[in-house]
Amino acid sequence: MAATAAGKKVFEVFVSKVPWTVATKEVKEYFRQFGQVKKCLLPFDKETGFHRGFCWIGFTTEEGLQNALQKDPHIIEGARLQVQKNRKPFSGRKSNKEAEDI
Amino acid sequence: MAALLRSARLLKCSPAALSTLPCVSCRQYGVVPEQRGLVKDEPSVAVRSKQAQQFDWALAKLDSSVRRTGRVTKTLLLRIFHDICRTGYPSGNQALLLLRSCGSLLPEVPLAERIELSQQIWDKLQELGTTYDVSHYNALLKTYLQNEFRFSPTDFLTKMESANVQPNRVTYQRLIAAYCEVGDIEGASTILGFMKSKDLPITEAVFNSLVTGHARAGDMDSAEGILSVMKGAGIEPGPDTYLSLLNVYAEKGDIAKIKQTLETVENADILLMDRDLMQVVFSLTKASHQQHVPEIVEHMRHERGYVPDAMNLCLSLITHGHEETAFSVLKSFTGLLVESQTSDSPDLGNFFLRHCANMDKPVENIVGFCKDLKDSGLHSSPLQFTLQCALEAKKTGMAVELMRSMKEEGLPLRPHYFCPLFTHYQKDKNIPGTLQALRAMQELGVASDVDTFSIYILPSFPSVDSARTSLKEAGIDVDGNILIAAELRTEASRGNLAGLFSLMSSPALPNIDLSAFRASLISGFRGLFAGLQYFCCSGPTEAPFVYLYDSINVFIESRKCQIGSSLLFAENVAYFLYNLIDSLNETEVHSKEEQIREYFGLLKNMNISISLNIFRGIRNILESYQVPELVKSPFKTIRQYLCIHKLERALELKTQYETDMTPAAYATLINLCCRHDNAEEALKLKMELARKDSDAALDAQKYVALVRVLSKHGKLEEAIDMLKEMKEKDVQLRDSTIGLLTLTMNTAAMKGDANTIRRLQETIFTLGLAKPSSNLCSPLIACYLESENYAGAFDATVEVQKQYNQMPKIHDLICGLVEKGDAELLQKVMEFLSQERGEMMMLYDLYFAFLQTGRYKEARKIIETPGLRARPTRLQWFAEKCIAAQQMEPLENMVDMTVKLFECDRDDMYHYLLRLCKETNDWQKAEATWMKMQEENLAPRERTLRLLADILKNNDKEVPFEVPEVKEPIRSDSMGMVLSPAPYDTLIKTLLASGNIEDAMAVKNIATDHIPGFSLSDNANNLLIISQVKRCQMKDAMGTLKGMLQADQVPTQLAITRLVQGLASEGNSQDIQEAEALVKTLGSIKLSSMLFVNNTALAHIKKYDIDSAVELLESFYIQNTENQKSSISFVFRKVLDANNDAVLDKLSAMAERLCNHFASYRAATDLFLIYLDTGRTEEAKFLLQVPSLTNQDIHTVYTCFLMRGYFSQRSVRTLTHFSTWRPLQHYYFMRPDMCRMKYCMFSPSLSTGLDKDFSSAKALYERMQAEGVKADELTLKRLALLYKEAGETVPFEEPPESFRFYADKLNKQRSESMEPANN
């Protein structure tokens, strides 16, 4: 395996209560204030056309992650987001089966 | 389930609607389809059992909806309807449940649609074979009324008749209501005539309808006059009467009258709920008098359940086209909602906006509401929310309009807002729709992006090219790059790696960010991966593994794509491994152990780590296959854990042996002393034991027995020492032993010895022998209550609560205070309760006390306290209490009073009532209960219907509905469930209890098939014996007994008795002997010593071998004088019952012989008593005339008689009659030591027959005086009362203590002097 250890290390937060009005672009933009965002996974439900209200944000640095976790409250368009350290690396997988990363 | 059935929630219809409804014609009626004679195949047991579960599920689902919101959504109702249909055999009460949900529980559904729905459900269920009974027709009527459906009542009755269903009171009431709705008094009178001719009671509900009827006919005077008519008929107008009146005033817009009526109601101490006032609001609005709504809203008390009710009012108003009024109502209660809002961004009124969107209200109105909500700070983003609703409902037009408003407001519009619309069109490949949405997008200036295109737009078109053309034709501009990127993604997500490769190699490919299709690529891989996994399952070889590894690597290398695949890879491998191992069975794992080990090795070499979760999963599988060695090789083991477990178990075993070392003999001896109430000896032995072996400890039960005896005999300090010793020696108390402690303290309580109780309590709790419990704390309170010292009881309650946080006997205390009328102390108790357990609990306590003491008016006041909600556990507590004590009145009152109690489960309530009806076998009450349930529009649970049917059947009454079958878990095996032995055993017991041996045995066979070594429990076997005896299967019963004894089970006394009696009735004396021998080996069962003798004798008699019987009995009495105590009256009774004179002669001769030759009087006594008991006075006299019977013998006879406590009135009468006859007077009444005997003869006459007859009592007393019979205190006490009541001076000194005191004293004397009862 070429890409292990250092390269794959992502500092993820799990964000829930994302209002339906914002999409990946807005969420990503919001979290950019804490550090460089490498990944933003906001699953959409293909059946309904709405996203599922939660997403994963991956920072490139530990610092970005810590900054995001220290901030409280996180408000986006008047709605309060719930941000927590991503503890379950697998939690996104199942829902991904029906969802798409945008 | 109450909420579901709350009939008061209904909104009545108004006449204003009449003119607007298209179906006013009375000719139009609900088409009630005719019953079809079609007989479906009987549903299988499995289906029925499933059905029962489903009903519970559906009911729970609907109920939770009603409970939370006071309504049911159409979606939920339809879902349950379809689910029920799918089973194919909808049951009667499922049908009822559905029908009852089709009325005002659907405030969001327009009336016409509700009617359609109920008709649809009615027809469909009938088609599926549901049998409708009167409750269904009544429920249908209710939906007609609630949905303002106009139909012809006479046609309805005809339909019922043709279906052979008898209308009942509730049916007629509702038909009257239907006539009254349209102001047809004549029609109503016709039905009223029917009711009268059938002698049905005219209830308040009828009068209430008439109020509406007269008013709708335009005759307000008559409407108002109904109230006095009611009073004339002895019915007080209730809240519903006034509500009818208020509604008709509202329809006229007569606010002055409304106010006046509200005042009258208040003065009459009648409570109108908020829900009632909401109906008035509804009536006002529908009649276009909405300007008065605010005045009614002001009257609301905001009780529990107000908010959901008000929300439903809003929804109904919106549905009926009055959204402006609805909005004003909404604004009137937002204040209540604000409190519950915790979020920084308020979103009040969501339900309102959503319903407006669903009902297609004009966008400008909605936008107005949004603006208002936003400006008043109630909602932070009302437009966005409404847009979301419109999108969810796929209302493109409304959504676009809303977005336009948003744009005007300066709110951002984003491409993904259109996704729900595209999804909708994509599903049915609706190209015009897609294009329309795209055009709107363009108009609103929203640019589409790759995502939208690839996921939502392109799939609607057959190909990328056709999409390109269509868009162009429709005049929609799209960035070409976006299209190509979208195409790339589609290929990738299909897993078409080759296609992707060619697309990417094309020179036309623009510079595309990898991130745009990375995810698709991953999902493409995943598909590939799944295939590999499937491949693997056919057997573990190295090939797929290596292939996977290679292919991914190769792909990554060749494309030079850093797609974060390493992460993906590790995770997938772990899953892969788990699935691989999971797919192997045990043998495969064992045989492939080596290969799997190699895999693990390979993984290690590849430096792949597996997450802990998955590792655990793998480990569990391997361990369950008993190859933990395999786990060990690459991972850590849990061997250490196992070692630790063993050590603990070893320790356990050790302690067990330690207790066995105690001098058991001492312990047994001490226990024996305790049983014989010998405190001295017990204490002595205990001290001896302590001297010999200071470490020796008794078991908990023996210690407690010792404590009990010591404290009972005033050796309190010693008792406390024992408790301390228990603590020192770490004796553990079990529940049963703790029960004994309670008993110990109760003994002290009966003596009024509070000090002893306190000391014991304190010691027990401080030592931590037992945790403070209500039971353990109750004796202290009981001690005070016993002597009616309520102040003391209250102080003790406070003390116990403060110290141990327990509040026992509080109900008894409050009841006592209420009865005594001690308002001051009661107030104190209430304050204390309120402070300790909260106001709600306090109110319940008070409520129950009022109910218990029959103060129903006060009880009603309490339960109507605003804000009070149902506490099921408390209601259950009281109901159980009533059922146990068979108190119908308080229970019935509780059920009646809780109709409007918030969240009260009505089915539970009626179930309690029916349980009590069952206890008292009161079918009339049960039937009346069923009527009430229909009136309340309740869908009962199956258990309730079964109970009701049971009561009716037991009384040979017709059951007017389909009885749901008992759930039978037998077939659970067909559903693939594995049951533990316990449910089988329970089921077998249930079947046996209902006498169904065949089914019980079938279940036993199933259980034996499924559970190796299954055997019936003691109880089940005992029941089996009894059932077999009942069926006269004596051989089987003997077999069961033998089997039990072999399995070391203990048969009950009852089972053995029935068995032996059964054998006797078959004349099988041999088997009786065998049974006797078998049972003797047990030793521990307390059986009547005469069981075997008597029944052997009867067995001989049955076989006409009377000589053997006589021989047996004779030798029994002759051989052992001790046997004098044993009675053979059972034999006599059986012979007498069989009218077997020949045998009786021989037995009677035997009795005489025993008297004459052997001075054994027992047989004669028994015979004499039987004669007396069965009213054969002549035979009894004859027996007494036996020449050899001396006075002494007769004395013996009488003594036996009296000692056995025969106090039935008939025997007493006969006996007192005898007492004036023959030598008795001479001998008997002259002897002073016989006074008590004589008294015994008189006492029952005094207490039973002559209580109310002073002159007779007086005469009797005088005679007793004359004959020198000394009456005891209880008799004197009674006599004194009679004298006082008659206004005469008591000629003797009245005993000072209470009745109860002397009654107890007498009972004690009696039980001490009485020999143990035999047989």
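Author: A contact here means heavy atoms within 4.5 Å. The model is predicted. In chain A, residues 24 or more positions apart account for 68% of the contacts with a separation of 6 or more.

Reader: What makes up chain A in terms of helices and strands, and in which order do the elements run?

Author: Chain A has 4 helices and 7 strands. Read from the N terminus, the order is α-β-α-β-β-β-α-β-β-α-β.

Reader: How many of the residues of chain A count as buried, and what does the accessible surface come to?

Author: Of its 102 residues, 51% count as buried, that is, they have under 20% relative accessible area. The accessible surface of chain A is about 5,400 Å², and carbon and sulfur atoms hold 49% of that area.

Reader: Why is A:Gly78 called partly exposed?

Author: Its relative accessibility is 40%. Buried would need a value under 20% and exposed a value over 50%, so A:Gly78 counts as partly exposed. The residue sits in the loop between strand S5 (74-76) and strand S6 (79-85) of chain A. Its C-alpha atom is 9.2 Å from that of A:Pro19, although 59 residues separate the two along the chain.

Reader: Turning to chain B, why is the pair B:Glu295 and B:Lys259 called a salt bridge?

Author: The closest N and O atoms of the pair are 2.8 Å apart. The cut-off is 4 Å between a side-chain nitrogen of Lys or Arg and a carboxyl oxygen of Asp or Glu, so B:Glu295 and B:Lys259 form a salt bridge. This pair links distant parts of the chain, with B:Glu295 in helix H16 (residues 293-298) and B:Lys259 in helix H14 (residues 255-267) of chain B, 36 residues apart. Side chains of opposite charge can pair when their charged atoms come close.

Reader: Are B:Glu295 and B:Lys259 buried or exposed, or in between?

Author: B:Glu295 has 26% relative accessibility and B:Lys259 has 41%. Both values fall between 20% and 50%, so both residues count as partly exposed.

Reader: What makes B:Arg915 and B:Glu880 a linking pair, and why are they called partly exposed?

Author: Their side chains meet in a salt bridge at 2.8 Å, N to O. B:Arg915 is in helix H51 (residues 906-920) and B:Glu880 in helix H49 (residues 872-884) of chain B, 35 residues apart, so the pair links distant parts of the chain. With relative accessible areas of 26% for B:Arg915 and 28% for B:Glu880, neither is under 20% or over 50%, and therefore both are partly exposed.

Reader: Which salt bridge joins B:Asp907 to B:Arg941, and are these residues buried or exposed?

Author: The N to O distance is 2.6 Å, and it is therefore within the 4 Å cut-off. B:Asp907 lies in helix H51, whereas B:Arg941 lies in the loop between helix H52 (923-935) and helix H53 (942-954) of chain B, 34 residues away. Both are buried.

Reader: Which residues are linked with them in a network, and how many salt bridges are there over all chains?

Author: The network of salt bridges links B:Asp905, B:Asp907, B:Asp908, B:Arg941 and B:Arg943. Over all chains, the search finds 53 salt bridges.

Reader: Where does UniProt list "repeat: PPR" in chain B, and what is the helix content there?

Author: The unreviewed UniProt entry lists residues 168-202, 203-237 and 699-733 of chain B. Residues 168-202 are 74% helix and 0% strand, with end C-alpha atoms 12 Å apart. Residues 699-733 are 74% helix and 0% strand, with end C-alpha atoms 9 Å apart.

Terms used: Residues numbered from 1 in each chain as written. Chains lettered and ligands numbered in written order. Predicted model: local features only at pLDDT ≥ 70, side-chain atom pairs only at ≥ 80, totals over all residues. Heavy atoms only, no water. Helix = DSSP H or I, 4+ residues; strand = E, 2+ residues; numbered from the N terminus. Buried < 20%, exposed > 50% of the residue type's maximum accessible area, 1.4 Å probe, protein only. UniProt positions renumbered as here; feature names shortened; annotations may be inferred. Areas by Shrake-Rupley, 256 points an atom, 1.4 Å probe, with all protein chains shown as cover.
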